[in-house]
Amino acid sequence: MKTVLITGSSRGIGAAIARRLNDEYKIIINYNKSKDKAFTLMEELRETNPNVIAIKANVSDESEVENMFSIAEKNFGHVDILINNAGISHFSLIQDIDFGTWKDVINTNLNSVFLNSKRAIPNMISKQYGVIINMSSIWGEIGASMETLYSASKGAINTFTKAMAKELAPSGIRVNAIAPGIVDTDMMRNDFSESELLDLKKEVDTNRFAKPEEIAGLVSYLVSDEASYITGDIIHINGGFY
Ligand code: NAP
């Protein structure tokens with residue numbers, strides 16, 4: 001049974017990924033602030049899979065990432081599959097973004113992808129096997145007004161993904177990114193009012209937002225051997241939004 005570490009899996013898309021992969025993999029749930037949600041999810045998954053643990057780590061902090069991987073490896077051995085999912089959004093005019101906020105979002109969304117991948121890769125190389133999936137966004141491709149900082153963090157993930165895939169393909173490691181449109185999670189519910197959400201829905205061809213489970217279904221395929229020839233790609237899943 002392969003081991004999957006999903007960053008930011010206490011809630012939202014990450015939790016849906018953990019549920020979807022639970023039957024086939026050893027699961028490492030990562031949380032930062034939502035300990036109760038992470039432990040409730042762990043108990044739920046353990047009803048059918050004894051190989052589930054939840055580990056606290058702020059994934060933008062190198063020593064916390066190191067600690068998380070040490071605990072993961074003591075429990076389950078090497079991490080075979082890394083899902084870099086943790087992220088935060090930010091809405092603001094460019095001129096109103098203070099530099100501290102800029103650094104926080106880049107640390108959480110982008111630097112975390114570097115730190116977790118850097119820690120996972122040596123063991124993947126030694127096994128000549130690994131899969132990394134980075135959670136990007138539609139805004140990383142087309143950019144969004146009032147979300148320049150978020151867009152920049154996700155755009156950088158896209159190019160990092162493509163470059164990583166080239167460097168790691170000879171070592172049997174596949175690297176892809178998923179770029180969802182709008183997904184019905186706390187991130188959206190907290191950031192927009194009901195009327196703004198209704199207006200946004202009208203811009204999507206399907207007239208609805210994605211369910212987290214629909215993103216998890218794509219992850220399930222991409223981490224499987226059925227996707228063995230897919231690497232270096234940014235996979236769009238946005239209901240026809242773009
Ligand atoms: P969410 O519901 O707000 O959940 C965010 C998750 O990230 C939580 O589990 C949170 O954990 C975790 N997290 C945040 N900062 C962290 C940190 N420093 N260290 C560890 N974990 C951290 O968001 P979501 O919608 O599921 O988003 C998941 C990913 O999909 C993000 O990368 C997001 O940018 C991307 N995405 C979302 C949408 C959307 O419309 N929802 C669209 C495109 C892309 P705690 O609560 O435990 O702190």
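The following conversation goes through the ligand and the pockets of this predicted model.

Biologist: What makes Ser 34 and Tyr 150 count as residues around the ligand?

Modeller: A residue counts as near a molecule if one of its heavy atoms lies within 4 Å of that molecule. The ligand has 31 residues around it, and those that come nearest are Ser 34, Asn 85, Tyr 150, Val 183 and Thr 185, so Ser 34 and Tyr 150 belong to this group by that cut-off.

Biologist: Why is the pair formed by the ligand and Ile 13 called a polar contact?

Modeller: An oxygen atom of the ligand is 2.8 Å from a polar backbone atom of Ile 13, and a polar contact is a pair of N or O atoms within 3.5 Å, so this pair qualifies. Lys 33 also has a polar backbone atom 2.8 Å from an oxygen atom of the ligand, while for Gly 8 the corresponding distance is 3.2 Å, and therefore these pairs meet the 3.5 Å limit too. Taken alone, the ligand exposes 900 Å², and 95% of that is buried by the protein.

Biologist: Which pocket does the ligand occupy, and how do you know that it sits there?

Modeller: The space that the ligand takes is the largest pocket. A molecule is said to sit in a pocket if more than half of its atoms lie within 2 Å of the pocket's grid points, so the ligand must pass that test. The volume of the largest pocket is about 1,100 Å³, and of the 46 residues that line this pocket, the closest to its centre are Arg 11, Gly 87, Ile 88, Ser 89 and Met 187.

Biologist: Which helix gives the most to the shell around the ligand?

Modeller: That is H7, with three residues, and H7 (186-191) is one of four elements that each supply at least two residues of the shell, together with helix H1 (12-21), strand S2 (26-31) and helix H6 (148-168). In the lining of the largest pocket, H7 again has the largest share, with five residues.

Biologist: What makes Gly 172 a polar residue in the lining of the second largest pocket?

Modeller: Gly is counted among the polar residues by the classes used here, so Gly 172 is placed there, whereas Ile 173 is nonpolar and Arg 174 is charged. These three residues are among those that line the second largest pocket, a space of about 160 Å³, and its lining has six nonpolar, three polar and two charged residues. For the shell around the ligand, the classes give twelve nonpolar, 15 polar and four charged residues.

Key. Residues are numbered from 1 along each chain as its sequence is written. This is a predicted model: local features need pLDDT of at least 70, side-chain atom pairs count only at pLDDT 80 or more; totals for chains, interfaces and linings use all residues. Side-chain values use heavy atoms; hydrogens and water are left out. A polar contact is a pair of N or O atoms within 3.5 Å; within protein, one must be able to donate a hydrogen and the other to accept it, and residues adjacent in sequence count only if both atoms are side-chain atoms. Accessible areas come from the Shrake-Rupley method with a 1.4 Å probe; for residues, only the protein chains shown count as cover. On a 1 Å grid over the protein atoms alone, a cavity is a set of points where a 1.4 Å probe fits but cannot get out, and a pocket is an open set with protein on both sides within 12 Å along at least five of seven lines; lining residues have an atom within 4 Å of a point. Grid points are joined across faces, edges and corners, and a volume is the space filled by probe spheres set on the points.
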